[in-house]
Amino acid sequence: MASSSATAGEEILYQPTPDWVDVAKLDSADGAGGTPLRLLEQQVRLEDGTVWTYIDNAVALESPEALTALGTLSAQWFPDKGNLIIHRVELMRDGQVIDVLAGEARFEAIRRERGLENRMLDGELTATMPLPGAQIGDIMRMSYSTTLSDQALGDHMQWTGVIITEPMPLAEGRIIASWPVESEVSSQVIAQSDMGMLEEKDGYRVYSVELPAAEPKGMPGDAPQRFRLPPMVQFSSYDSWEQLSREMEPLFATDGGLDSIPELVAKVSEITSRTDDSLERAALATQLVQDEISYLLNGLNGGNYIPQTIGETWDKRYGDCKAKTLLLLTMLRKMDIEANALLVQTVYGDALPQILPMPGNFDHLIVHARIGGEDYWLDGTGSGTRLDNIADVPRFFYGLPLKPEGANLVEMVARPLAVPAETIRLTIDQSAGIAVPALFDIEVDLTGASAAAWKAISQMEEAEVRDNMIDRVARNVVGSSQVTERAVSFDDEAGTARINLSGLRTTPWRQNRGIYENNINFQLANGFSVDVDRARKEWREIPVVINAPIYEVREIVWSLPDEEFTLEGSPSINQMIAGNTINSEVRLDIGRLYLDQSMRSHVWELEAAELPAAKRETARLKRALPTLKASRDARRSWEYRGKHRKLLEKLEDAYAKLIEDADDDDASAHANRAGFRAGTGDFQGALEDLNEAIARAASTGLYYRRASAHQQLGDLENALSDLETAEELQGNGASHGSRIEILGLLRRGDEALALAEEFALIADDFEQGEQVRAFALGWAGQAAEGLTVLRDIADTSPEDANQLNEACWYAGIWNMVDEDILAICTAAVERGGVSAPARDSRALALYRLGRSEEAVTELDEVLSAHPDQHASRYLRGIIRTQLGDEGGRDDINSALWAAPSMKRTYTAYGLGPA
């Protein structure tokens, strides 16, 4: 059978196993539990221009899931190139073999175009058959063959197989390939040359390898693809790349290709009359093929290698890479531009020089043109090619030109992009202050393929999908944000896209010991990194993949409030690091920061020997990047009282726009504005927003937030009601502490104690329940008993700063401080890393002991590092007023603007200004 000619067709054949196959023996009683894949065989015969592949699989049906997964058997083949031949389908059960095909069970051929959504018709057929009578515990065995004789290759043959390695759960398997000794077939094992053996048997060369093979050595994920290929074995009847080039070239002959297509001839004439410049002509021809011919792979009737005619491509206005390449190639040659079709590999092109010459190594076809002594790589299936970017080199590494005389592989040498692929202009408005949200405007200009992708987005009718894709751009540039305005446009002539966005986001400034700092997270160079691991000895010579080709530009203008700022870092940077040029220019004028940066790649990969220097240079770069620091007296979010409230009008307008655009069931816009308003002291406005948010889409979190707003406004009954609702929804006891305090303020101490007893039943541990009970005792007028509880807990956990602080704070608020308590307070400060809460508690204890000046000093230090500690500011104000310091009134007013509920609470503690 192996020597008989294969007749291609769609009919599924049923025949015995070929004589040349070494059929594996499978013991039905073989106990390979935990290894459901019992057998995997691939045996290949390459002879007389036909590749016959025999596949033998056995799978244990050990579970209902396996029974379901194998409930329908399938096999694929290409009917225009060969046959599908079924040899056996068996069930092995209790030492018996059940021949499934002995009855009426047969496979049915169906066409499944799995790539249709990507406009691919590969012509593959799938044979399927339900597996009758299978039971859990059976072993299903299926063997079949496919034959392949490709129209485009003549008598040539090729085959590639992946060598399965450990830890794949395979009990046993083999790859066996054979070909006549006299035939010119070459073999090569890729990625691990010592796998398998080659020998002569009965006039055939035979390669065999047992599966699973030993697990190959691990490779770093940032190694070039040629280092990360899986172990494979290849067989090819081509003796060289030159032979492959020479024999594939006639498929892309262009002589007379335009003669019968007057419309296309007119298009060529239009281009040549428009310009005398060959490079511009090539750009216009490429643009025409990209824009006017849509992509569709038709692999039927030999179409995997044989292109459709130019006339068919132009008439149907679609084609795959072969059809588009042939069309573009013909147009360029008509313009007297030197050009050839070029086979490329888009995934592992860097590995081509190391593997056997065969058509199956390539997955794409483009045009290689020579203009003015320069190489140009033109992809008809691409998009966005214009004169400005025609010199860009795709990341394919190598290609094979198809020439009548034959050609070897040519290297596609990396070169910097001629124009930026992405230019982002970011304008940030924080003229209202750096502690409140920032307004932003983003303008993004895109060129090339990335621009072309936005052309379709700009034409989408589904607004929500389009807007979500645009909003993603804002997140990529400024992080989590809320977009108020958005637009996208495409310039066909220039091949560029422009995206415009406006919105707001939380302030990017962060505090370091009370001083606002900004490392300008949005600058381009922040994302640059050489985080590469080559510590293993066997990795030390392996190059590193560079993210290329890239050319990005970012221009930032940052409007600042009328305050004092300091710019740190280098004003100018121009460095080549790890194959990338990084430029940065920054300046700080009155009220504005200007920052321009660019990053441009020059190579595909970096040699390992260059890594140490690259890491050192990257570290120096990070230290040199600009940062901003504000003065200590920068306006805080709670300082927008009186006339300063007008500074927030633009932010209020932005939030209003978000609310206007929100869907009826979307609570987020109102909830976000509520957070902004509460943070700037407008609790009435926050309450109104939270009412609306809850009406639209209530949630536990919203009830907690509204409870806080009610409490800040002095409405304790409604605050308590919202906390009770939140507890009903969540039921985890998170509300109990707040509810106990409110009940205490309402002089309902008995209810507070009852709530504490309830909490003890669901507390995470005994101590947590006791703490809550202690505070309830305080509100119920039994503070001494409560302090005893907390001191007992502290005594059992003398190293726990939190427990110590609880006792200190409790004694302070209920005025039960003595020297022993002060010692506990000091221990809490020392063990807690000088935390702000512990120092605040100690300040209160000092004040209760009559050591007011020391208390103020303690609070000064707390507020210096933590200006947002409103309770500390309020307490300091109380003490300062009692000491006759008029500045204490400013402290009190600021603190109560930020948290007005403190007045009622501290009054209940017996604390208030003089």
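**Two pockets and their linings**

Visitor: By class, how many nonpolar residues does the lining of the second largest pocket have?
Guide: In this predicted model, the lining of the second largest pocket mixes three classes, with 13 polar and four charged residues among them. The remaining class, nonpolar, counts 16.

Visitor: Which helix gives the largest share of that second lining?
Guide: Helices H13 (700-712), H15 (736-745), H17 (766-779), H19 (801-813), H21 (836-848) and H25 (902-908) each bring at least two residues to the lining of the second largest pocket. The largest share is five residues, and the helix that supplies it is H17.

Visitor: Which residues are closest to the centre of the second largest pocket?
Guide: Start with the space itself, which is about 770 Å³ in the second largest pocket. Its lining has 33 residues, and the closest to the centre are Gly737, Ser738, Glu741, Trp809 and Tyr909.

Visitor: What volume does the largest pocket have?
Guide: Let's begin with its walls. The largest pocket is lined by 48 residues, with Phe78, Leu148, Asn304, Tyr305 and Gly360 nearest its centre. By class, that lining holds 23 nonpolar, 17 polar and eight charged residues. The volume of the largest pocket is about 1500 Å³.

Visitor: And which element gives the most to the lining of the largest pocket?
Guide: Elements that each supply at least two lining residues include strands S2 (37-47), S3 (50-60), S10 (139-148) and S21 (364-371). Helix H6 (321-334) and strand S4 (72-77) are also among them. With five residues, the element that gives the most is S11.

Technical notes: Residues are numbered from 1 along each chain as its sequence is written. This is a predicted model: local features need pLDDT of at least 70, side-chain atom pairs count only at pLDDT 80 or more; totals for chains, interfaces and linings use all residues. Side-chain values use heavy atoms; hydrogens and water are left out. On a 1 Å grid over the protein atoms alone, a cavity is a set of points where a 1.4 Å probe fits but cannot get out, and a pocket is an open set with protein on both sides within 12 Å along at least five of seven lines; lining residues have an atom within 4 Å of a point. Grid points are joined across faces, edges and corners, and a volume is the space filled by probe spheres set on the points. Helices (H or I, at least four residues) and strands (E, at least two) are DSSP runs, numbered from the N terminus. Ala, Val, Leu, Ile, Met, Phe, Trp, Tyr, Cys and Pro count as nonpolar, Asp, Glu, Lys and Arg as charged, and the others, Gly among them, as polar.
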